[in-house]
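Please look over the structure shown here before reading on. The exchange that comes after it is meant to be followed with the model open.

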Amino acid sequence: MEQPQRIAIVHEWFTSMRGGEKCVEALCELYPHAELFSLLHVKGSVSSTIEQMPMHTSFIQKLPFAERRYRHYLPLFPTAIKQFDLSGFDLVITSNHCVAKGVRVPPKALHICYCYTPMRYIWGLYDEYFSKDRAGLLTRAGMRLFINYLRRWDVRTAENPHQFIAISEHVRRRIGDIYHRAADVIYPPVNTSLFQRSMQDGSYFLIVSAFVPYKRVDLAIEAFNVLGERLVIIGDGPDAPRLRGIARGSIEFLGWQPDEKLKELYAGCRALIFPGEEDFGIVPIEAMASGKPVIAFADGGAIETVIQSPTFRTGVLFKNQTVESLVDAVRKFKKEDFNPDKLRSFALRFDREVFKRRMKEYLERSWAEFKLHPPKR
């Protein structure tokens, strides 16, 4: 079977090693001869697998304070992404949660978009990112000027990919609602081999999260202030001062931790607390791979992994993002038993090798169909 000779992987920015970057890392392992395109690359911020790939960056890389304040240049991202020259590439894979799908692709190239979510900054979470409490006067004024342009651009460029892959059924529905495009689903990779099933009862509840508004770490803190239970929080981010300010004595902040320490913290917890609405949620799968159940908000990707059937349970869901609802869920959790072996077995369905196999099969099938029946555009 004929294979694409030149492959481009387009990702918005490489500044840390989070879920999207782990997806790109797996794609780099599948296609080690691919070339990477990104608005910005902070050297040393991602894995060696990504760092060693050929990397092309945009003019955003050269702007003042870009490494730390790149999000302030959001209105410039559409211009930056379309200036990449992808001439000669056969397959373009866009790793998209912001503007990657807006890249210009040669007419004879296949464009597959792996979509984490339609751009959350300009759609459902605009108020959370750009409220008076979250953004300065200049940032809010700038976004008011550009928000309609960005929304029109986002919808228009959703016509670019030949096919969309969503990271969850939740995102598949959002792609349909906002972009009016169909999408297939391939769940993102979780490195379950990093974690081992734990039989410890645990002496604390755990959060692993960036400190940004939609993660709702504040809700968990307020609930555990009421419960008086020990809560260990792994993570950091812009909301750190505010979150530390509302936490009482039973709550402990440890910042980001290396993998070995994180493995220990999963193993020693009673359950993971997952209070935000996520597009998928890799952290709950990591907890389950450690044999630990999850207490999660009943919306978004969590309802695809936190199962509450009569015959099989991986955690407890709470219906409302309120202190009362989360407190009730924790109290309910204490009355239930969970099987660590079954939790880990469920997590293995999302292993990174499963992702790589499914992605490889999907791309090969799509490439064969594309060569046999090139779309008329």
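What follows is a set of questions from a student and answers from a tutor.

Student: Before we begin, what kind of model is this, and from which number are residues counted?

Tutor: This is a predicted model, in which local features need pLDDT of at least 70 and side-chain atom pairs count only at pLDDT 80 or more, while totals for chains, interfaces and linings use all residues. Side-chain values use heavy atoms, with hydrogens and water left out, and residues in each chain, as its sequence is written, are numbered from 1.

Student: How many salt bridges does the structure hold?

Tutor: A salt bridge is defined here as a side-chain nitrogen of Lys or Arg within 4 Å of a carboxyl oxygen of Asp or Glu. Some of these contacts join into a network, which links Glu25, Glu29, Arg352, Glu353 and Lys356. For the structure, the number of salt bridges is 18.

Student: Which residue forms a salt bridge with Glu35?

Tutor: Glu35 is in strand 2 (residues 35-41), and its partner is in the segment before strand 1 (7-14), 29 residues apart; helices (H or I, at least four residues) and strands (E, at least two) are DSSP runs, numbered from the N terminus. Glu35 has 18% relative accessibility and therefore counts as buried, where buried means under 20% relative accessible area, exposed over 50% and partly exposed in between, computed with a 1.4 Å probe and protein chains only. The partner counts as partly exposed because its relative accessibility is 34%. With the closest N and O atoms 3.2 Å apart, that partner is Arg6.

Student: How far apart are the closest N and O atoms of Lys215 and Glu278?

Tutor: This salt bridge links distant parts of the chain, since Lys215 is in the loop between strand 8 (204-208) and helix 8, and Glu278 is in the loop between strand 11 (269-274) and helix 11 (282-289), 63 residues apart. Lys215 counts as buried at 13% relative accessibility, and Glu278 counts as buried at 10%. The closest N and O atoms of the pair are separated by 2.6 Å.

Student: How many residues apart in sequence are the parts that Glu336 and Arg313 tie together?

Tutor: Glu336 and Arg313 form a salt bridge in which the closest N and O atoms are 2.9 Å apart. Because Glu336 lies in the loop between helix 12 (323-333) and helix 13 (340-347), and Arg313 in the loop between strand 12 (294-297) and strand 13 (315-318), the parts tied together are separated in sequence by 23 residues.

Student: Is helix 8 mostly covered or mostly uncovered, and how many of its residues are buried?

Tutor: Helix 8 spans residues 217-227 and is mostly covered. Its buried residues include Val217, Leu219, Ile221, Phe224 and Leu227, and also the polar-named positions Asp218 and Asn225. Just after this helix, Gly228 takes a positive phi of about 70°. Of the eleven residues in helix 8, the number buried is nine.

Student: Within what arc do the buried residues of helix 7 fall?

Tutor: In helix 7 (residues 169-179), the buried residues are His170, Val171, Arg174, Ile175, Ile178 and Tyr179. Seen down the helix axis, they line one face, because their directions, taken from the axis to the C-beta atoms, fall within an arc of 135°.

Student: Which residue just after helix 7 takes a positive phi?

Tutor: The residue is found in the loop between helix 7 and strand 7 (184-185), and it counts as exposed because its relative accessibility is 64%. Its phi is near 60°, a positive value in a residue other than glycine. The residue is His180.

Student: Is Phe65 buried or exposed?

Tutor: Phe65 is placed in the loop between strand 3 (55-57) and helix 3 (66-69), and its phi is near 60°, a positive value in a residue other than glycine. Since its relative accessible area is 67%, Phe65 is exposed.

Student: How far apart in space are Leu39 and Phe59, C-alpha to C-alpha?

Tutor: Leu39 lies in strand 2 and, at 1% relative accessibility, counts as buried. Although Leu39 and Phe59 are 20 residues apart in sequence, their C-alpha distance is 7.4 Å.

Student: What is the C-alpha separation of Leu110 and Asp90?

Tutor: Leu110 has its place in strand 5 (residues 110-115), and it counts as buried at 1% relative accessibility. Leu110 and Asp90 are 20 residues apart along the chain, and their C-alpha atoms are separated by 6.3 Å.
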